[in-house]
Amino acid sequence: MHPFISFHNHNEFSMRDGMGSVDEHVQWAVEHDVPACSLTNHGNISCYFRQYEACKKAGIKPIFGAELYIIPDRKLLMPWIGSDEDNAVEMRKKFSSPRNHILVLAQTYQGLKNIFKITSEAYMNSFYKFPLIDFNLLAENKEGIIVSTACAGGELPRFLSAGEKVRADSFVKKYKEMFGENFYIELMSINYDVQFELNPKLYSIAKEHGVKTILTSDAHYLYPEDQKLHEAILMLQSKKTYTKEEDKEEGEETGEIENEETEEKFWEFSVNDLYLKTREDIMSAPYNADCKDVMEECIKNNYELFLRIDDIELDT
């Protein structure tokens with residue numbers, strides 16, 4: 001039986017979003033007999049050297065990656081970066097959207113160098129609120145890189161959620177043609193209504209196009225009991241306060257709620273289990289009861305991908 005190796009994990013380097021130090025993530029992996037630690041922070045690679053040293057000390061494989069922000073064409077945006085023309089703000093907004101997520105992993109040392117290059121280019125030449133890349137930048141530096149479709153904020157999941165099957169098919173064909181066996185479609189084991197609807201659609205389109213699926217848990221913190229603290233961090237980011245139960249009407253969906261008396265904004269996060277999960281967590285989750293065969297298949301694919309990724313050496 002293969003352990004569950006999740007490739008999509010955030011820690012404190014996903015600013016005001018992820019939790020846990022590099023050492024804590026590595027310690028978690030060791031304690032749960034997971035042979036690798038993958039960290040894929042939002043738009044940055046700042047923890048790589050700490051991750052490398054901690055993993056080597058613990059005797060496990062470091063997997064280097066990032067969850068990047070991708071737009072249709074960064075070259076349309078670049079002339080407006082830093083511009084003070086009257087319409088510059090509008091043009092920056094126009095050309096920096098839609099902004100989707102994409103997950104990249106370094107399969108080889110060359111892939112790691114290419115992730116350095118991609119992220120550096122995004123920060124230096126197409127930064128607007130976030131470091132932004134596009135498909136062309138990714139494709140130009142594809143050697144040694146594994147690409148996955150990321151979370152519900154990824155382009156493929158958004159097409160499928162919107163019922164845009166033609167655009168979803170086109171996306172899969174384009175990425176499969178460019179990245180071949182290094183392109184994966186990502187399912188997630190999280191307690192989230194949107195993901196419940198997405199997983200069957202993602203699995204179906206993967207089978208239709210002959211693309212392998214992997215499974216992640218989009219971990220933003222280490223343990224289930226960290227959930228409330230994670231919410232507090234997100235509220236600092238969004239400048240909101242906790243939802244008061246007396247202000248929440250029965251049946252109201254999770255989200256931003258306004259207190260009519262004070263006009264104060266209250267907030268509650270819609271996903272309550274973005275912690276690092278084990279195989280047992282995945283298979284025992286009630287929301288996975290009807291899809292255990294799919295979960296098993298994806299966990300096996302994860303392990304095969306783990307074996308395909310080099311144990312990359314860094315000169316520290």
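These entries record what I looked up in a predicted model of a single chain.

**Entry 1. Overall composition**

I began with the chain as a whole. It has twelve helices and eleven strands. Of its 316 residues, 53% are buried. I then looked up the contacts with a separation of 6 or more, and 76% of them join residues 24 or more positions apart. The chain exposes about 15400 Å², and carbon and sulfur atoms supply 49% of that area.

**Entry 2. Strand β3 and its partners**

I turned next to β3, residues 100–106, and asked how many of its residues are buried. The count is seven of seven, and the strand is mostly covered. I recall that side chains in a regular strand alternate between the two faces of the sheet. In β3, Asn100, Ile102, Val104 and Ala106 point one way, while His101, Leu103 and Leu105 point the other way. Both sets are buried.

I then looked up the pairing. Strand β2 (residues 61–70) runs antiparallel to β3 and is joined to it by six bridges. Strand β6 (residues 145–148) is also antiparallel to β3, with four bridges between them. Leu103 appears in both pairings: it is the bridge partner of Glu67, and its own partner in β6 is Ser148.

**Entry 3. The nonpolar cores**

I noted that nonpolar side chains tend to be buried together in soluble globular proteins. In this model the largest nonpolar core has 48 residues. Which of them touch the most other members? They are Ile133, Val147, Leu156, Tyr175, Phe183 and Ile185.

I followed Phe183 further, setting aside its neighbours within four places in sequence. Its contacts are Val147, Thr149, Phe171, Val172, Tyr175, Lys176 and Val211. Two of the residues named for the core, Val147 and Tyr175, thus recur in this list.

A second core, separate from the largest, has 26 residues, among them Val22, Trp28, Cys55 and Phe306.

**Entry 4. Helix α1**

Val22 and Trp28 led me to α1, residues 22–31, where they are buried along with His25, Val26 and Ala29. Why do these buried residues line one face of the helix? Seen down the axis of α1, they fall within an arc of 155°, so they occupy one face. I asked what covers them, and the cover includes β1 (36–42) and α2 (48–58). After α1 comes Asp33, which has a positive phi, near 55°.

**Entry 5. Helix α12**

Phe306 led me to α12, residues 292–308. This helix has 17 residues and reaches 24 Å from its first C-alpha to its last, close to the 24 Å expected at 1.5 Å a residue. Its buried residues are Val294, Met295, Cys298, Ile299, Asn301, Asn302, Leu305 and Phe306. They line one face of α12, because their directions fall within an arc of 160° seen down the axis. I noted the general basis: an α-helix has 3.6 residues a turn, so residues three or four places apart point the same way. On the other side of α12, Asp293 and Leu307 are exposed.

**Entry 6. Gly210**

I closed with a loop position. Gly210 lies between α9 (193–209) and β8 (213–216). Is Gly210 buried or exposed? Its relative accessible area is 57%, so it is exposed. I also looked up its separation from Val172, a contact of Phe183. The C-alpha atoms of Gly210 and Val172 are separated by 9.8 Å, and the two residues are 38 residues apart along the chain.

Note on methods. Residues numbered from 1 in each chain as written. Predicted model: local features only at pLDDT ≥ 70, side-chain atom pairs only at ≥ 80, totals over all residues. Heavy atoms only, no water. Helix = DSSP H or I, 4+ residues; strand = E, 2+ residues; numbered from the N terminus. Buried < 20%, exposed > 50% of the residue type's maximum accessible area, 1.4 Å probe, protein only. Contact = heavy atoms within 4.5 Å. Areas by Shrake-Rupley, 256 points an atom, 1.4 Å probe, with all protein chains shown as cover. Expected span 1.5 Å × (residues − 1). Arc of directions from axis to C-beta. Core = buried A, V, L, I, M, F, W, Y, C linked by side-chain atoms within 4.5 Å. Pairing = 2+ DSSP bridges.
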